[in-house]
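Please read the following report alongside the sequence and the 3D structure. It covers contacts with DNA, one contact between chains, the nonpolar core and two backbone angles.

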Protein chains: 2
Amino acid sequence: MNLKELSAKLNLSQTTVSRALNGYPEVKEETRRRVLDAAERYNYLPNARAKGLATGRSHAIGHVIPISSKHEMVNPIFGDFIAGAGETYSKCGYEMLISVVEDDQAEEAYRSLKRRAVVDGVIVHGPRKDDPRIPLLQDLDLPFVVHGRASGLALDYSWLDVNNRRSFQRATEFLLDLGHRRIALLNGLEAMDFASRRRAGYERALADRGINPDPGLEISGEMTEAMGYRGALDLLDRAMPPTAFLVSSMISALGVRRALEDRGLRMGADVSVITHDDALSYFTTGADVPLFTSTRSSVRDAGRQVAQMLIDGINTPDAPPQQVLLEAELMVGRSTGPAPTD
Amino acid sequence: MNLKELSAKLNLSQTTVSRALNGYPEVKEETRRRVLDAAERYNYLPNARAKGLATGRSHAIGHVIPISSKHEMVNPIFGDFIAGAGETYSKCGYEMLISVVEDDQAEEAYRSLKRRAVVDGVIVHGPRKDDPRIPLLQDLDLPFVVHGRASGLALDYSWLDVNNRRSFQRATEFLLDLGHRRIALLNGLEAMDFASRRRAGYERALADRGINPDPGLEISGEMTEAMGYRGALDLLDRAMPPTAFLVSSMISALGVRRALEDRGLRMGADVSVITHDDALSYFTTGADVPLFTSTRSSVRDAGRQVAQMLIDGINTPDAPPQQVLLEAELMVGRSTGPAPTD
DNA sequence: CTGTCATCTCAAAGCGTTTTCAAATCTGCC
DNA sequence: GGCAGATTTGAAAACGCTTTGAGATGACAG
């Protein structure tokens, strides 16, 4: 059933039917009812391709993600973010389009999405320092919102980020207050913007207490379980092992916990651990005291908000870019305690 | 730059240019070269909407997922599956479209995708017993492939599944051979088809050894970390606790491990654990002996294959449905050992 | 030189919408 | 009854592509 057939059944022109369906004011209320009823009865929905061609809008948002997990995209966080964004999309009548591309093809993918007019806008994941995608997208004139930020760019664009610097600074201060002095940092890849911000917060907190950050205590890499495990083992086996770990992801923190276990150390007593917790839906441990002390910020909620920002931006093209900075909350769990006195 | 402008620049008709670009034979080789060069130079790519309207194909595949994680969709597995499917899509020039919908709106979502002609086919996730989506999709005449199977349906459709029954049967036998007699099963929601198949395999192995399955040792629920933790604690605190756990997901297995730790039990010595491992990319622990003994099957690879099956099916509409049954491999890790003699 | 065939090219008709511009119909008022 | 103005409707032109059916052109044989 298409518009032509529907209008034939109604003895109306396609124009009138289209208007009635799209809520234009110049159609008699009775006619509109008749049209709406018929559409319902005959199960009519407008062909999205034709509509898109006519309106110049695709009502779709693109997410370009590199195929490898090198840049931490295809990871547990991604699923939750997508779920949040997807909620907003379906609420607003948008489709979500995901493009999985070779690592070096991301920019080409944006170009292609724009030129083929496949999407009305895109969301940028995992920004790096001076991320080239941002000037590219501005250049392409393709609306976008960044999940995170790219320091080093003097451009005005829309983003939503967690205050990573502040949250890791607070977490570090919390550990310092507990008496810890040798605090290790297991961070994401240094190229990732959030990682460098977290490190800045960590080092700032140490500096404020007159402690010189020890580069030997800072590890950065892809945030897998294995990275947490290996990194922690490595540090624990040194002459002066850290008494606390600040870990950038829950997954890696699980690796750290495994390492502690291997070495017969009790988490929260012998060694303290704070992790960043993205509040992943399948990892929440219910109502009791959480396993890990963590800096907490829902990535699903971030997805919802970022999507909404983008849709708003698409609907009001002349509005200035929006920036949102979320504060992570420090949740005290069972993985932290006073530094052991030795 | 659109086709009209491009053909104007070339002094050719749109017809010829279109044919040249799409590799039709009836255009002179020299002309084709000229067209291809110009397309390259002017950065021309055909408008996807217009192309779709003209050809009746959207070159997009839909994935409908319920908003909640109740049906275990928005979970770590999903990300990896999507990554695999996405690889195939971009290789074959398809877009991946993800629709996040309210739990009870999935069927309406399929209807809408079909009627609006948004996608050329869909992939069905997390089939349940007698899953109503399958007859619906057949009815809608929308090509689809199921990741998993739905027992109870006497329909012929395309699916790809892991041999869940066999893999859990083997895992159970492995535990039995190690001398375990009280083996707990921490399974996914009973409504999920894979969960009932796994249970069947487990009970079959027990029955083959003359052991009556104890319903008290079987727990099913959403496969979160908390579920593993709570379930294990509950079982461990009984009068006759199990000496081994068979767990349906890595995430829940991590919960089980936490419970063992809480009770001062050593995994692999006091209590054995086997889990199903979807070989998630960010969970691989490298080259050494894996932490968990597991039944292993790459969900990413499944994504790749399912996507390919669907695309093949779309391209040859008259071909019969395809079925693929993958065998999971039993990887012996450090979480299993002989049953303690008491 | 003509006719035949193969090769190459094109104008125009779709595909299913929206939207512009014009026309028809109604309303109230003199 | 006629007319201005408001209200409703409709025919047709876009949107950017593919594809049909037919027309040029050139080569070659008779």
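The report starts with conventions and then turns to the two DNA strands.

This is a predicted model, in which local features need pLDDT of at least 70 and side-chain atom pairs count only at pLDDT 80 or more, while totals for chains, interfaces and linings use all residues. Residues are numbered from 1 along each chain as its sequence is written, chains are lettered from A and ligands numbered from 1 in the order in which they are written, and side-chain values use heavy atoms, with hydrogens and water left out.

**DNA strand C**

DNA strand C is surrounded by 28 residues, where a residue is near a strand if one of its heavy atoms lies within 4 Å of it. The closest are L3(A), S18(A), Y24(A), S13(B) and T15(B). Of the atoms of DNA strand C that come within 4 Å of the protein, 57% belong to sugar and phosphate. By class, this surface has 11 nonpolar, 12 polar and five charged residues; here Ala, Val, Leu, Ile, Met, Phe, Trp, Tyr, Cys and Pro count as nonpolar, Asp, Glu, Lys and Arg as charged, and the others, Gly among them, as polar.

**DNA strand D**

DNA strand D has 27 residues around it, and the closest are T15(A), L3(B), S18(B), R19(B) and Y24(B). Sugar and phosphate make up 57% of the atoms of DNA strand D that come within 4 Å of the protein. The surface near DNA strand D has 10 nonpolar, 12 polar and five charged residues.

**Polar contacts**

The table lists polar contacts to DNA; a polar contact is a pair of N or O atoms within 3.5 Å, and within protein one must be able to donate a hydrogen and the other to accept it, with residues adjacent in sequence counting only if both atoms are side-chain atoms.

| Protein atom | DNA atom | Distance |
|---|---|---|
| Y24(A) side chain, N or O | strand C, phosphate oxygen | 2.5 Å |
| Y44(A) side chain, polar | strand C, sugar or linking oxygen | 3.0 Å |
| R19(B) side chain, polar | strand C, base nitrogen | 2.7 Å |
| S13(A) backbone, polar | strand D, phosphate oxygen | 2.7 Å |
| N22(B) side chain, polar | strand D, phosphate oxygen | 3.0 Å |
| Y44(B) side chain, N or O | strand D, phosphate oxygen | 2.9 Å |

The elements that give two or more residues to the surface near DNA strand D are helix 2 and helix 4 of chain A and helix 2 and helix 4 of chain B. Helices (H or I, at least four residues) and strands (E, at least two) are DSSP runs, numbered from the N terminus.

**Between the chains**

R116(B) sits in the loop between helix 6 (106-115) and strand 3 (121-124) of chain B. Its side chain makes a polar contact of 2.7 Å with that of E95(A). Leaving out residues up to four places away in sequence, R116(B) also touches L45(A), P46(A), N47(A), A48(A) and R49(A), contact meaning heavy atoms within 4.5 Å.

**Nonpolar core**

The largest nonpolar core has 125 residues, of which Y89(A), I98(A), F245(A), Y89(B), I98(B) and F245(B) touch the most other members. Such a core is a set of buried Ala, Val, Leu, Ile, Met, Phe, Trp, Tyr and Cys residues joined through side-chain atoms within 4.5 Å. Residues that Y89(B) touches include I61(B), H63(B), Y94(B) and M96(B), not counting residues up to four places away in sequence.

**Positive phi**

N11(A), in the loop between helix 1 (3-10) and helix 2 of chain A, has a positive phi of about 60 degrees although it is not a glycine. N11(A) counts as exposed, at 71% relative accessibility. Buried means under 20% relative accessible area, exposed over 50%, and partly exposed in between (1.4 Å probe, protein chains only). D130(B), likewise not a glycine, has a positive phi of about 55 degrees and is partly exposed, with a relative accessible area of 45%.
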